[in-house]
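Colleague: I am new to this structure. Please take a close look at one part for me, the second chain, and walk me through it.

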Amino acid sequence: MNTSDYYALVQEDADLSKPVLVYGWDDQPHEKDGSSRPYHASAGYKAVKLDMADEAWTARLVAPQTPTQLYQGVLSPYERPVPTVKEQAKDALHHVHNSAVMIVAMGGSFGPQTRDYVAKLQAIVDGSDTVSTVLPPVPHDLKQ
Amino acid sequence: MQLASQTPIVPGEASTATFLGQDENGNITSINVKLPPGKAATLPDNMATTDMLSEFLSGTFALGPRDLSGLGVHWNGDGDSPMFVYGTYNRIYYSSLLGTNNEDLYLTDKGYNVPEMPVRRRTLIQSFTSVNVQDADRITFPKAFTADDVQILITAKTSTPSGTYTPPLCGYTSLDRNGFNLTRIFSDGTPKTTRGDLSIIAIGSVQ
(Lines give C-alpha, C1' and ligand atoms only; values in the text may rest on other atoms or scores of the structure.)
Protein backbone atom coordinates (compact mmCIF):
# COMPACT_ATOMS: atom_id res chain seq x y z
CA MET A 1 0.00 0.00 0.00
CA ASN A 2 1.28 3.45 -0.89
CA THR A 3 2.55 5.81 1.80
CA SER A 4 1.64 8.90 -0.22
CA ASP A 5 -0.53 10.16 -3.03
CA TYR A 6 1.30 11.34 -6.13
CA TYR A 7 0.26 14.18 -8.39
CA ALA A 8 1.11 15.65 -11.75
CA LEU A 9 0.56 19.40 -11.88
CA VAL A 10 -0.96 20.83 -15.02
CA GLN A 11 -2.12 24.31 -15.95
CA GLU A 12 -5.34 25.29 -14.23
CA ASP A 13 -7.22 25.67 -17.52
CA ALA A 14 -5.78 22.51 -19.10
CA ASP A 15 -8.28 20.42 -21.05
CA LEU A 16 -7.74 16.92 -19.71
CA SER A 17 -9.67 15.36 -22.58
CA LYS A 18 -6.53 15.97 -24.66
CA PRO A 19 -2.85 15.26 -23.92
CA VAL A 20 -1.57 18.02 -21.62
CA LEU A 21 1.95 19.05 -20.68
CA VAL A 22 2.99 18.26 -17.11
CA TYR A 23 4.25 21.41 -15.31
CA GLY A 24 5.33 19.83 -12.04
CA TRP A 25 5.23 16.88 -9.69
CA ASP A 26 4.38 16.55 -6.03
CA ASP A 27 3.51 14.06 -3.36
CA GLN A 28 1.25 14.20 -0.33
CA PRO A 29 1.96 11.77 2.53
CA HIS A 30 -1.02 9.85 3.87
CA GLU A 31 -2.41 10.28 7.35
CA LYS A 32 -1.22 7.81 9.95
CA ASP A 33 -4.37 5.76 9.42
CA GLY A 34 -3.56 5.47 5.70
CA SER A 35 -6.24 7.88 4.52
CA SER A 36 -5.52 10.53 1.93
CA ARG A 37 -5.20 14.21 2.65
CA PRO A 38 -6.48 16.86 0.25
CA TYR A 39 -3.84 18.37 -2.00
CA HIS A 40 -3.85 22.09 -2.72
CA ALA A 41 -2.08 23.03 -5.93
CA SER A 42 -0.35 26.41 -6.10
CA ALA A 43 -2.01 29.26 -7.98
CA GLY A 44 -2.39 28.69 -11.70
CA TYR A 45 -2.16 24.91 -11.50
CA LYS A 46 -4.37 21.97 -10.79
CA ALA A 47 -3.26 18.59 -9.51
CA VAL A 48 -4.09 15.30 -11.22
CA LYS A 49 -3.72 12.28 -8.97
CA LEU A 50 -1.52 9.61 -10.51
CA ASP A 51 -1.97 5.87 -10.27
CA MET A 52 1.65 5.43 -9.24
CA ALA A 53 3.30 3.14 -6.67
CA ASP A 54 5.83 4.38 -4.12
CA GLU A 55 8.63 2.56 -5.97
CA ALA A 56 7.74 4.16 -9.29
CA TRP A 57 7.71 7.61 -7.69
CA THR A 58 11.11 7.06 -6.10
CA ALA A 59 12.50 5.87 -9.44
CA ARG A 60 11.05 8.95 -11.15
CA LEU A 61 12.69 11.27 -8.61
CA VAL A 62 16.18 10.11 -9.54
CA ALA A 63 15.60 9.62 -13.26
CA PRO A 64 16.39 12.36 -15.81
CA GLN A 65 13.57 14.85 -16.14
CA THR A 66 12.11 15.00 -19.61
CA PRO A 67 9.10 16.91 -20.87
CA THR A 68 6.12 14.68 -20.18
CA GLN A 69 2.48 14.72 -21.15
CA LEU A 70 -0.53 13.28 -19.40
CA TYR A 71 -3.51 11.80 -21.20
CA GLN A 72 -6.24 9.66 -19.61
CA GLY A 73 -4.03 8.97 -16.60
CA VAL A 74 -1.10 7.75 -18.70
CA LEU A 75 2.26 9.55 -18.74
CA SER A 76 4.29 9.60 -21.93
CA PRO A 77 7.07 11.69 -23.49
CA TYR A 78 5.77 15.09 -24.52
CA GLU A 79 5.06 15.39 -28.22
CA ARG A 80 6.14 18.86 -29.22
CA PRO A 81 3.93 20.61 -31.75
CA VAL A 82 5.59 20.59 -35.16
CA PRO A 83 6.88 24.12 -35.89
CA THR A 84 5.07 25.89 -38.70
CA VAL A 85 6.93 26.59 -41.92
CA LYS A 86 6.97 30.25 -40.87
CA GLU A 87 8.69 29.39 -37.59
CA GLN A 88 11.15 27.18 -39.45
CA ALA A 89 11.86 30.02 -41.88
CA LYS A 90 12.54 32.40 -38.99
CA ASP A 91 15.10 30.00 -37.52
CA ALA A 92 16.71 29.49 -40.93
CA LEU A 93 16.94 33.25 -41.47
CA HIS A 94 18.54 33.59 -38.06
CA HIS A 95 21.13 31.02 -39.04
CA VAL A 96 21.92 32.79 -42.34
CA HIS A 97 22.15 36.10 -40.53
CA ASN A 98 24.76 34.72 -38.15
CA SER A 99 26.80 33.34 -41.03
CA ALA A 100 26.53 36.64 -42.91
CA VAL A 101 28.36 38.48 -40.18
CA MET A 102 31.41 36.27 -40.60
CA ILE A 103 31.31 36.34 -44.43
CA VAL A 104 31.11 40.16 -44.56
CA ALA A 105 33.78 40.51 -41.89
CA MET A 106 36.08 38.48 -44.10
CA GLY A 107 35.41 40.69 -47.11
CA GLY A 108 33.01 38.29 -48.86
CA SER A 109 29.39 38.60 -49.91
CA PHE A 110 26.35 36.43 -50.56
CA GLY A 111 26.12 34.83 -53.99
CA PRO A 112 22.95 34.86 -56.15
CA GLN A 113 21.83 31.41 -54.90
CA THR A 114 21.96 32.60 -51.31
CA ARG A 115 20.22 35.89 -52.11
CA ASP A 116 17.44 33.91 -53.80
CA TYR A 117 17.27 31.58 -50.77
CA VAL A 118 17.02 34.49 -48.33
CA ALA A 119 14.35 36.20 -50.46
CA LYS A 120 12.25 33.04 -50.36
CA LEU A 121 12.66 32.75 -46.59
CA GLN A 122 11.72 36.40 -46.12
CA ALA A 123 8.60 35.88 -48.24
CA ILE A 124 7.51 33.03 -45.98
CA VAL A 125 8.22 35.03 -42.82
CA ASP A 126 6.50 38.24 -43.93
CA GLY A 127 3.45 36.30 -45.14
CA SER A 128 3.67 37.14 -48.86
CA ASP A 129 4.31 33.43 -49.55
CA THR A 130 1.45 31.43 -48.09
CA VAL A 131 1.82 28.50 -50.47
CA SER A 132 5.13 26.92 -49.44
CA THR A 133 4.88 24.06 -46.97
CA VAL A 134 8.59 23.30 -46.83
CA LEU A 135 11.67 25.50 -46.74
CA PRO A 136 13.66 26.16 -49.91
CA PRO A 137 16.85 24.07 -50.26
CA VAL A 138 19.84 25.51 -48.41
CA PRO A 139 22.69 26.67 -50.72
CA HIS A 140 25.76 24.52 -50.41
CA ASP A 141 27.98 27.56 -49.97
CA LEU A 142 26.53 30.89 -48.89
CA LYS A 143 29.01 32.73 -51.12
CA GLN A 144 27.47 31.06 -54.18
CA MET B 1 -18.39 34.80 26.16
CA GLN B 2 -20.81 35.60 23.37
CA LEU B 3 -20.55 35.66 19.57
CA ALA B 4 -21.12 39.27 18.53
CA SER B 5 -20.60 39.09 14.77
CA GLN B 6 -18.97 37.08 12.00
CA THR B 7 -17.75 38.11 8.55
CA PRO B 8 -19.46 36.38 5.56
CA ILE B 9 -18.37 32.78 5.06
CA VAL B 10 -16.71 32.40 1.63
CA PRO B 11 -15.52 28.92 0.59
CA GLY B 12 -11.71 28.73 0.69
CA GLU B 13 -11.32 31.90 2.71
CA ALA B 14 -10.99 32.48 6.41
CA SER B 15 -13.74 34.32 8.22
CA THR B 16 -13.42 36.37 11.36
CA ALA B 17 -15.72 35.97 14.32
CA THR B 18 -15.92 38.58 17.06
CA PHE B 19 -16.67 37.52 20.61
CA LEU B 20 -17.45 39.68 23.61
CA GLY B 21 -16.02 38.76 26.97
CA GLN B 22 -16.35 40.26 30.42
CA ASP B 23 -13.69 40.27 33.12
CA GLU B 24 -14.27 40.24 36.88
CA ASN B 25 -14.33 44.03 36.96
CA GLY B 26 -17.15 44.13 34.48
CA ASN B 27 -15.03 45.42 31.58
CA ILE B 28 -16.25 44.24 28.17
CA THR B 29 -13.50 43.20 25.75
CA SER B 30 -13.98 42.16 22.11
CA ILE B 31 -11.90 39.28 20.81
CA ASN B 32 -11.47 38.46 17.12
CA VAL B 33 -10.99 34.82 16.18
CA LYS B 34 -9.98 33.87 12.65
CA LEU B 35 -11.91 30.79 11.54
CA PRO B 36 -10.22 28.47 9.07
CA PRO B 37 -11.55 27.85 5.56
CA GLY B 38 -12.66 24.38 4.54
CA LYS B 39 -14.63 21.80 6.36
CA ALA B 40 -15.42 22.12 10.02
CA ALA B 41 -12.68 20.87 12.30
CA THR B 42 -12.74 19.46 15.77
CA LEU B 43 -10.14 20.86 18.09
CA PRO B 44 -9.02 18.97 21.17
CA ASP B 45 -10.66 20.12 24.38
CA ASN B 46 -9.02 22.84 26.42
CA MET B 47 -6.72 23.95 23.60
CA ALA B 48 -6.26 27.63 22.91
CA THR B 49 -6.40 29.00 19.38
CA THR B 50 -3.67 31.29 18.14
CA ASP B 51 -5.90 34.31 18.60
CA MET B 52 -6.49 33.38 22.20
CA LEU B 53 -2.76 32.76 22.53
CA SER B 54 -1.88 36.15 21.13
CA GLU B 55 -4.38 37.74 23.46
CA PHE B 56 -2.90 35.73 26.27
CA LEU B 57 0.68 36.66 25.39
CA SER B 58 -0.03 40.30 24.75
CA GLY B 59 -1.58 40.61 28.15
CA THR B 60 -5.14 41.39 27.17
CA PHE B 61 -6.41 37.88 27.74
CA ALA B 62 -4.69 37.59 31.09
CA LEU B 63 -2.19 39.82 32.77
CA GLY B 64 1.38 38.57 32.82
CA PRO B 65 4.96 39.30 31.84
CA ARG B 66 5.88 39.30 28.17
CA ASP B 67 8.36 36.48 28.59
CA LEU B 68 5.64 34.18 29.87
CA SER B 69 5.51 31.07 27.68
CA GLY B 70 2.27 29.93 26.17
CA LEU B 71 0.86 27.14 24.02
CA GLY B 72 -1.77 27.21 21.33
CA VAL B 73 -2.95 26.04 17.96
CA HIS B 74 -2.91 28.04 14.77
CA TRP B 75 -4.72 26.98 11.62
CA ASN B 76 -2.58 27.31 8.56
CA GLY B 77 -4.86 28.53 5.76
CA ASP B 78 -2.65 27.12 2.97
CA GLY B 79 -2.64 23.47 3.85
CA ASP B 80 -5.73 23.58 6.03
CA SER B 81 -3.69 21.88 8.72
CA PRO B 82 -3.26 22.78 12.36
CA MET B 83 0.02 24.29 13.50
CA PHE B 84 1.25 23.90 17.02
CA VAL B 85 2.36 27.25 18.43
CA TYR B 86 4.46 27.85 21.47
CA GLY B 87 6.71 30.55 22.76
CA THR B 88 6.62 33.98 24.28
CA TYR B 89 5.36 37.32 23.09
CA ASN B 90 8.71 38.09 21.48
CA ARG B 91 9.42 34.71 19.96
CA ILE B 92 6.92 32.20 18.67
CA TYR B 93 7.66 28.74 17.27
CA TYR B 94 5.46 26.79 14.90
CA SER B 95 5.23 23.13 14.08
CA SER B 96 2.78 21.09 12.03
CA LEU B 97 0.45 18.79 13.86
CA LEU B 98 -0.58 15.70 12.04
CA GLY B 99 -1.22 13.15 14.72
CA THR B 100 0.03 11.62 17.91
CA ASN B 101 2.29 8.69 18.58
CA ASN B 102 1.81 5.93 21.13
CA GLU B 103 2.94 8.22 23.92
CA ASP B 104 0.37 10.77 22.80
CA LEU B 105 3.06 13.23 21.85
CA TYR B 106 2.11 15.41 18.94
CA LEU B 107 3.96 14.54 15.76
CA THR B 108 5.01 16.86 12.99
CA ASP B 109 4.70 15.99 9.31
CA LYS B 110 8.30 14.70 9.42
CA GLY B 111 7.61 12.31 12.25
CA TYR B 112 9.30 14.41 14.90
CA ASN B 113 7.52 14.89 18.14
CA VAL B 114 6.78 18.41 19.15
CA PRO B 115 9.56 19.00 21.70
CA GLU B 116 12.07 18.60 18.83
CA MET B 117 10.47 21.56 17.07
CA PRO B 118 12.21 21.65 13.67
CA VAL B 119 12.12 24.96 11.81
CA ARG B 120 9.04 25.43 9.70
CA ARG B 121 10.82 25.92 6.35
CA ARG B 122 13.82 23.91 5.27
CA THR B 123 16.14 24.37 2.34
CA LEU B 124 15.99 21.60 -0.24
CA ILE B 125 18.55 21.16 -2.99
CA GLN B 126 17.53 19.05 -5.96
CA SER B 127 20.21 18.06 -8.46
CA PHE B 128 19.01 16.37 -11.61
CA THR B 129 19.57 15.98 -15.31
CA SER B 130 17.19 16.81 -18.07
CA VAL B 131 17.80 14.97 -21.32
CA ASN B 132 16.84 15.49 -24.93
CA VAL B 133 15.43 18.97 -24.34
CA GLN B 134 15.31 22.06 -26.50
CA ASP B 135 14.51 25.74 -26.29
CA ALA B 136 11.04 26.51 -24.86
CA ASP B 137 10.67 23.13 -23.19
CA ARG B 138 9.10 23.02 -19.75
CA ILE B 139 11.61 21.60 -17.26
CA THR B 140 9.96 20.17 -14.14
CA PHE B 141 11.65 19.73 -10.80
CA PRO B 142 11.62 16.08 -9.66
CA LYS B 143 9.40 17.22 -6.78
CA ALA B 144 7.74 20.59 -6.30
CA PHE B 145 9.04 23.02 -3.70
CA THR B 146 6.54 24.70 -1.42
CA ALA B 147 7.46 28.28 -2.33
CA ASP B 148 8.31 30.04 -5.58
CA ASP B 149 11.64 31.53 -4.39
CA VAL B 150 13.72 28.90 -6.17
CA GLN B 151 17.26 29.49 -7.41
CA ILE B 152 18.48 27.41 -10.35
CA LEU B 153 21.84 26.74 -11.95
CA ILE B 154 21.77 25.31 -15.46
CA THR B 155 24.78 23.67 -17.08
CA ALA B 156 24.63 22.44 -20.66
CA LYS B 157 26.05 18.95 -20.81
CA THR B 158 26.53 18.59 -24.54
CA SER B 159 28.38 20.64 -27.10
CA THR B 160 26.66 21.47 -30.34
CA PRO B 161 26.10 18.79 -32.93
CA SER B 162 27.78 21.01 -35.54
CA GLY B 163 31.13 19.92 -34.19
CA THR B 164 32.09 23.22 -32.65
CA TYR B 165 32.68 23.58 -28.95
CA THR B 166 30.35 26.50 -28.51
CA PRO B 167 28.04 25.52 -25.67
CA PRO B 168 24.42 26.60 -25.77
CA LEU B 169 23.48 29.58 -23.64
CA CYS B 170 20.76 28.65 -21.18
CA GLY B 171 18.32 30.78 -19.27
CA TYR B 172 14.80 30.49 -18.01
CA THR B 173 11.39 32.12 -17.82
CA SER B 174 8.29 31.39 -15.74
CA LEU B 175 10.27 29.99 -12.83
CA ASP B 176 8.11 28.80 -9.95
CA ARG B 177 7.96 26.05 -7.35
CA ASN B 178 7.17 23.40 -9.97
CA GLY B 179 9.72 24.10 -12.68
CA PHE B 180 10.69 26.59 -15.38
CA ASN B 181 10.56 27.21 -19.11
CA LEU B 182 13.94 26.73 -20.71
CA THR B 183 15.53 29.25 -23.05
CA ARG B 184 18.45 27.73 -24.87
CA ILE B 185 20.26 29.26 -27.85
CA PHE B 186 23.53 28.71 -29.65
CA SER B 187 25.84 31.59 -30.46
CA ASP B 188 27.20 29.76 -33.52
CA GLY B 189 23.87 29.69 -35.34
CA THR B 190 22.90 26.11 -34.53
CA PRO B 191 19.09 25.99 -34.60
CA LYS B 192 17.63 26.46 -31.14
CA THR B 193 15.41 23.45 -31.70
CA THR B 194 18.52 21.26 -31.51
CA ARG B 195 18.13 19.01 -28.50
CA GLY B 196 20.66 18.29 -25.79
CA ASP B 197 21.14 17.44 -22.15
CA LEU B 198 21.30 19.71 -19.12
CA SER B 199 22.51 19.34 -15.58
CA ILE B 200 20.45 21.42 -13.17
CA ILE B 201 20.70 22.32 -9.51
CA ALA B 202 17.57 23.83 -7.96
CA ILE B 203 17.63 25.32 -4.48
CA GLY B 204 14.39 26.17 -2.75
CA SER B 205 12.43 25.63 0.39
CA VAL B 206 9.97 23.05 1.64
CA GLN B 207 7.79 23.07 4.69
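Modeller: Here is chain B, from its overall make-up to its strands and then its contacts with chain A.

This is a predicted model, in which local features need pLDDT of at least 70, side-chain atom pairs count only at pLDDT 80 or more, and totals for chains, interfaces and linings use all residues. Residues are numbered from 1 along each chain as its sequence is written, chains are lettered from A and ligands numbered from 1 in the order in which they are written, and side-chain values use heavy atoms, with hydrogens and water left out.

Chain B has one helix and 14 strands. Both are DSSP runs, numbered from the N terminus: helices are H or I with at least four residues, strands are E with at least two. Of the 207 residues in chain B, 34% are buried. Buried means under 20% relative accessible area, with a 1.4 Å probe and protein chains only. Chain B exposes about 12,000 Å², and carbon and sulfur atoms supply 51% of that. The method is Shrake-Rupley, with a 1.4 Å probe.

Now the strands. Two of them pair if DSSP finds at least two bridges between them. Start with β13(B), residues 179-185. Strand β10 (residues 138-140) of chain B runs antiparallel to β13(B), joined by three bridges. There, B:Ile139 has B:Phe180 as its bridge partner. Strand β12 (residues 169-173) of chain B is also antiparallel to β13(B), with five bridges. B:Tyr172 is partnered by B:Leu182. β12(B) and β13(B) form a hairpin with five residues between them. In the turn, B:Ser174 has a positive phi of about 50°.

Next, an open sheet of three strands in chain B. The order is β9-β14-β11, with antiparallel pairing. β9 (122-133) and β11 (151-156) of chain B are at the edges, each with a single partner strand, so one side of each has no neighbour in the sheet. Six bridges join β11(B) to β14(B), residues 196-206. B:Gln151 stands opposite B:Ile203 in β14(B).

Last, the contacts with chain A. Here 30 residues of chain B touch 25 residues of chain A, where contact means heavy atoms within 4.5 Å. The two chains bury about 2,300 Å² between them, 50% of it on carbon and sulfur atoms. That is the accessible area (1.4 Å probe) that two parts lose on being put together, summed over both. Three salt bridges are counted between chain A and chain B. Each is a side-chain nitrogen of Lys or Arg within 4 Å of a carboxyl oxygen of Asp or Glu. B:Lys143 forms one with A:Asp27, with the closest N and O atoms 2.8 Å apart.

Terms used:
Buried means under 20% relative accessible area, exposed over 50%, partly exposed in between (1.4 Å probe, protein chains only).
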